[in-house]
Amino acid sequence: MEILPSGYMLATKILYKTTKQYIRSQLHLNRFFILFIALNTIELIASHGLYPEEKTLGNHFVVNISVGIADESSIKDISDTIDYLVLFQIIKKHFDKPVPLLETLLQSIEKEIIQHYNIVKYLNLSIHKKNPPMGAQIASSEVRLEKYYQ
């Protein structure tokens, strides 16, 4: 295992913070506001993973998703916003197809959401695998995507 220099983590944190500040400043300058729609703590059982026991027995997963849309006009109908049910159906559909890597699963969910809703300006999606089989007591592993769209 390679040990990263201590400055690497600091530089990564500074870059992350600077990027977020820049995006927020651009959103503010353009008078662009985001309305968030979220589903929290979706609990699912699925057979994603690299190891045979994961494919046979399955794992417990927790999914959190937050989707942002431009808050520029009044929302009077479900077609003006993001439907919670559609978000859940997209997530469930992809969870029903086992894949070895959670990163692949996360990217396929993102792709379908963006194709279905062209109004998405922000997406934060995380997938937690509870009690991953690593030979130690670990509450969960996680993959997360946070992305802004034009």
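In what order do the elements of the chain run from the N terminus on? Colour the model by secondary structure and follow along: the order is α-β-α-β-α-α-β-β. Keep in mind as you look around that this is a predicted model.

**The whole chain**

Start with everything displayed. The secondary structure comes to 4 helices and 4 strands. The chain has 150 residues, and 34% of them count as buried. If you like contact maps, here is a number to go with yours: among contacts with a separation of 6 or more, 62% join residues 24 or more positions apart.

**Stop one: helices 3 and 4**

Select residues 84-95 for helix 3 and residues 102-116 for helix 4. Their axes lie 10 Å apart, and the packing angle is about 145 degrees. Turn the view until one helix lies in front of the other, and you will be looking at a right-handed crossing.

Now show side chains. On the helix 3 side, the contact is made by Val 86, Leu 87, Ile 90, Ile 91, Lys 93, His 94 and Phe 95. Helix 4 answers with Leu 105, Ser 108, Ile 109, Glu 112, Ile 113 and His 116. Colour this set by residue class and you should find 8 nonpolar, 3 polar and 2 charged residues.

**Stop two: the second largest pocket**

Stay with helix 4 and bring in strand 4, residues 140-148; each of these two elements supplies at least two residues of the lining of the second largest pocket. Which element gives the largest share of that lining? Strand 4 does, with 3 residues.

Switch on a surface here. The pocket holds about 220 Å³ of space. Its lining is made of 15 residues, and to centre your view you can pick the ones closest to the middle: Glu 54, Leu 102, Lys 129, Met 134 and Ser 141. By class, the lining divides into 9 nonpolar, 2 polar and 4 charged residues.

**Stop three: two glutamates and their partners**

Select Glu 103, which lies in helix 4. Is this residue buried, exposed or partly exposed? Its relative accessibility is 43%, so Glu 103 counts as partly exposed, between the 20% and 50% cut-offs. Next, add Glu 142 and draw a distance between the two C-alpha atoms: the separation is 9.5 Å, although these positions lie 39 residues apart in terms of chain offset.

Move on to Glu 146, found in strand 4. Glu 146 is partly exposed too, because its relative accessible area is 31%. Pick Tyr 122 as its partner: the pair is 24 residues apart in sequence, and 7.5 Å separates their C-alpha atoms.

**Stop four: two positive phi values**

Finish with the backbone. Which phi value does Thr 41 have? It is near 55 degrees, a positive value in a residue other than glycine. You will find Thr 41 in strand 1, residues 34-46. With a relative accessibility of 48%, Thr 41 counts as partly exposed.

The other one to select is Asn 131, where phi is near 50 degrees, again positive in a residue other than glycine. Asn 131 sits in the loop between strand 3, residues 120-130, and strand 4. From there you can step along the chain into strand 4, which you have already met in the lining of the second largest pocket.

Methods: Residues numbered from 1 in each chain as written. Predicted model: local features only at pLDDT ≥ 70, side-chain atom pairs only at ≥ 80, totals over all residues. Heavy atoms only, no water. Axes fitted to C-alpha atoms, helices over the stretch in contact; angles between N-to-C directions. Left-handed = near helix turned anticlockwise from the far one by under 90°. Contact = heavy atoms within 4.5 Å. Nonpolar A, V, L, I, M, F, W, Y, C, P; charged D, E, K, R; others polar. 1 Å grid on protein atoms, 1.4 Å probe; cavity = no way out; pocket = protein on both sides within 12 Å on 5 of 7 lines; lining within 4 Å. Points joined across faces, edges and corners; volume = space filled by probe spheres on them. Buried < 20%, exposed > 50% of the residue type's maximum accessible area, 1.4 Å probe, protein only.
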